[in-house]
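The following report is meant for a reader who meets this structure for the first time. It moves from one residue outward to the wider arrangement of the chains.

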Amino acid sequence: MDPGVVDLSRLQFALTALYHFLFVPLTLGLSFMLVIMEAVYVMTDRPIWRVITRFWSKLFAINFVLGVATGLTMEFQFGTNWSYFSHYVGDIFGAPLAIEGLMAFFLEATFVGLMFFGWNKMSKLAHLGVTFMVALGTNLSALWILVANGWMQNPAGATFNPETMRMEISDFGTVLFNPIAQAKFVHTVSAGYVCAAVFVLGISALYLLRGKYVGVAKRSMAVAAAFGLASSLSVVVLGDESGYALTDNQKMKLAAIEAAWHTAPAPAGITLIGIPDVAARTTRYAVEVPWVLGLIATRSLDTEVTGMSELVLKAQERITSGVVAYDAVQKLKTDPTNVRERARFELHKRDLGYALLLKAHVADPRLASPKLIAVTAWDVVPNVPLMFWSFRAMAFIGFYMIALFATAFVLASLRRHDSTRWFLRIALYSIPLPWIAIELGWMLAEIGRQPWAIEGVLPTFLATSTLSVAALWTTIIGFTVLYGALAVIEVRLMIAAIRKGPFEHVDDPVPDQSDTVVVPILPVAA
Amino acid sequence: MFDYETLRVIWWALLGVLLIGFAVTDGFDLGVASLLPFVARNDAERRMVINSVGPTWEGNQVWFITGGGAIFAAWPFVYAVSFSGFYLAMFLLLAALILRPVGFKYRSKRPDAAWRSRWDWALFVGGFVPALVFGVAVGNVLLGAPFRLDSDLRSFYEGGLLGLFTPFALLCGLLSVAMLALHGATWLTFKVERGGPVHRRARSFGAVAAILTLLLFAGGGLYVAFGDIGYHMQSVADPLGQSNPLRTTTQHLAGAWISNYALHPWMLIAPVLGIGGAVLAFVGITVGAEKSSFGGSALAITGIIATVGLSMFPYILPSSIDAHSSLTVWNASSTPATLGLMLFVTAILLPIVLLYTSWAFKVMWGRVTTADVATNPDFY
């Protein structure tokens, strides 16, 4: 493949996915926070909670729409830009995407219309049910897309079929109950909940700092503090690490994050900080805490954490074995009934993908010299400094979030969350942090998987469509301009809506500045 | 439970169901958006039109997204070849569709006229461009697309964006616009103020669109019957065989797209439905039978899309430069395991979707008036 096409296709996917994922986490979390707020309204019947729910659902709407709009691109981008990927794994990868549509998108999109338009068309309880369906739909969609993504990280339950030149499903249960997918789902939705909690916390803090809409702000903040504390603990504790021992690539990811160039004796220490030197394949000025990594990654004191050099040696063996499988596939193409070749293929098929790595250097992998194989084996190492630093930044933000919400929770329990000004300022300025952590997390997962599109099966550079560089630039520029304009508009509308505050409509009760005044519902203007 | 052949036919039919589902539901949203600047002249009228689809368009659009996912799952070759081949057309389509949700949601956020007028035109683009591109794409599917597969089954596409806009494909594009505009107009006749100016204009536009739909459908049919279009399978396909397109031999043959009707006369139901539906819609609009006219346009859409599918069967996407790379029902599907599993999932989920979608439509039933728009704070 033309390297320009590969790089541009990756750039476009990264741009559109990172952009899409600016909106999705807030949708995931805020939808459930709306359920909580509206449930309080239904249970207490206090109109202030209706105001609170409607205010946050207005901000939810501004955000939600861009999540939906940019999600359209994602659904079709596998076909437009990753055509060979789509052919190669469509038999497995397509199913979770289709189920996502049937089970999740229909649910959220159908009920979101009722959520916005149905306030006066159904009972309070029915509307709460509608809001819950929206939250359920958005979270189910995260489940299915992460089942798909988890399979890219751990492609179990499928085998290559030389007759059709693609991966085909052998066990859907394995795909569905893939431990990496499960871990990713919990980690991702929890991160979304944190994101929404920080959003609500920060904006409420802004109101409290300015002494506006105090009744709405302090109640919202209490919800955010509790929801955020639970979620931030869940993000870190039920983090992504549970799958790191599962596949060679996951081991490689862990080694790259730790910049562990060599296998260390068990239990391995964790490198808190240091400067990874790629050329010398060593980490300088490393500060290590003994035992911790071994405990986290292997849950034991006597299992080794494999280093990158050792994993590369393993990759070298797998490439050599894969070339046999590749040779057999070429012969089976013209002679599908050849029993001998079929047997050779069956013996080496799990390494077929490794032979494809050679295509980056030589057109026919069978012509590769042992020296070239040894060099190619190093291709399985992802970008170590990037992995090392983005993990540390993400993890730091994760721990910071726990501290932030623990403080918020304590202050809210003491009923001092509306008056502690230093905390309100910190809460306000913390708003961007979860987004940064989430985008870094996506980069860790996807860049950490390189050079693979499908771990051990299909290298990224073979997965693209056969497009021209000009066509790719056209769409990259097109999406950038369109998305850029929409981002500017979105942020402006968001700020305008926050400025306007919760008491915009005629049927909203008057601003409630003190806790004690119970506000009567005004009749809905006809 | 089912053999591979049956599963493939079922999934071919389900592909049709999803496309028709999309065109019948989101089709009127696209049609309404294409008509928006013309049927509604001032802000109150435009808000009435927008809010007639406001609560439900989002769910309708999911037919499109799910259609994409279902093609990926059941027809991975079709997903891989068509979307990468029609690359810039897909970009045009997606960019236009991205404008639509944003237009709906953001238009009412600010009162100034210039802001709102810009979003009105964005909504127009978000309705008209997809309607056109869908039709042009279908036209090119009928004509065959310039792709070939190598022995790794990697697809190479040898054409550009402008190459898609041939006269026949444009005719199909205009048919699609006319058909969806008709659908949008019939929707408006029972969703906006009865007897008001928007209602009156929707009726006029709808009547014209019905006539255009009939003419363009007939014109397309004549070209398919007598023009240089169609593909014919030379080898006998094995409906139970593994999915490898290179094992079928195909030739380009004028008139091949009507041969199915001679073999299976029952298939004529589809074009008859297309014509009958459009006539019913026209009569309904003219005499003011609003629900019949909406039903008529829904039948027309169903008939027209089914006509395309049945005429081409078993082809799904023929190749114009390397006929042997053509994708058919028998060589482009997923494995029986995936088709079976997806059928099971669909059989459970689709009825549930239909159930709550109908409930959503029921809750939002009734006309939207300019008075509602002025007072309801939830409206766009």
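Leaving aside neighbours within four places in sequence, A:Val130 is in contact with A:Phe111, A:Leu114, A:Met115 and A:Gly118, where contact means that the C-beta atoms of two residues, placed from the backbone, lie within 7 Å. This is a predicted model, in which local features need pLDDT of at least 70, side-chain atom pairs count only at pLDDT 80 or more, and totals for chains, interfaces and linings use all residues. Residues are numbered from 1 along each chain as its sequence is written, while chains are lettered from A and ligands numbered from 1 in the order in which they are written.

A:Val130 belongs to helix α4 (residues 124–153) of chain A; helices (H or I, at least four residues) and strands (E, at least two) are DSSP runs, numbered from the N terminus. Although A:Val130 and A:Leu114 are 16 residues apart in sequence, their C-alpha atoms are 6.9 Å apart in space. A:Val130 counts as buried because it has 24 C-beta neighbours inside 10 Å; a residue is buried if 20 or more other C-beta atoms lie within 10 Å of its own, exposed if 12 or fewer, and partly exposed in between.

The largest nonpolar core has 298 residues, and among those with the most contacts inside it are A:Met33, A:Ala197 and B:Val78. Helix α3 (residues 83–117) of chain A gives the most to this core, with 23 residues. Such a core is a set of buried Ala, Val, Leu, Ile, Met, Phe, Trp, Tyr and Cys residues joined through C-beta atoms within 7 Å. Beyond its neighbours within four places in sequence, A:Ala197 is in contact with residues including A:Gly29, A:Phe227 and A:Phe405.

In chain A, strand β1 (residues 158–161) and strand β2 (residues 166–169) run antiparallel and are joined by four bridges, strands being paired if DSSP finds at least two bridges between them. A:Thr159 stands opposite A:Glu168 in β2(A). The hairpin has four residues between the strands, and A:Met165 takes a positive phi there. A:Met165 is buried, with 21 other C-beta atoms within 10 Å, whereas A:Asp45, in the loop between α1 (3–44) and α2 (47–81) of chain A, counts as exposed, with 11 C-beta neighbours inside 10 Å.

The backbone angles of these two residues, and two cis peptide bonds, are set out here.

| Place | Feature | Angle |
|---|---|---|
| A:Asp45 | positive phi | near 65° |
| A:Met165 | positive phi | near 55° |
| A:Gln450 to A:Pro451 | cis peptide bond | omega near 10° |
| B:Phe313 to B:Pro314 | cis peptide bond | omega near 5° |

A:Pro451 is placed in the loop between α16 (433–449) and β5 (452–454) of chain A, and B:Pro314 in the loop between α11 (290–312) and β5 (315–317) of chain B.

Where the two chains meet, the contact takes 62 residues from chain B and 64 residues from chain A. On the side of chain B that touches chain A, the largest share, 13 residues, comes from α12(B). Helix α3 (residues 57–74) of chain B has 18 residues, and its end C-alpha atoms are 26 Å apart, which agrees with the span of 26 Å expected at 1.5 Å a residue, that expectation being 1.5 Å times one less than the number of residues. In α3(B), 18 of its 18 residues are buried.
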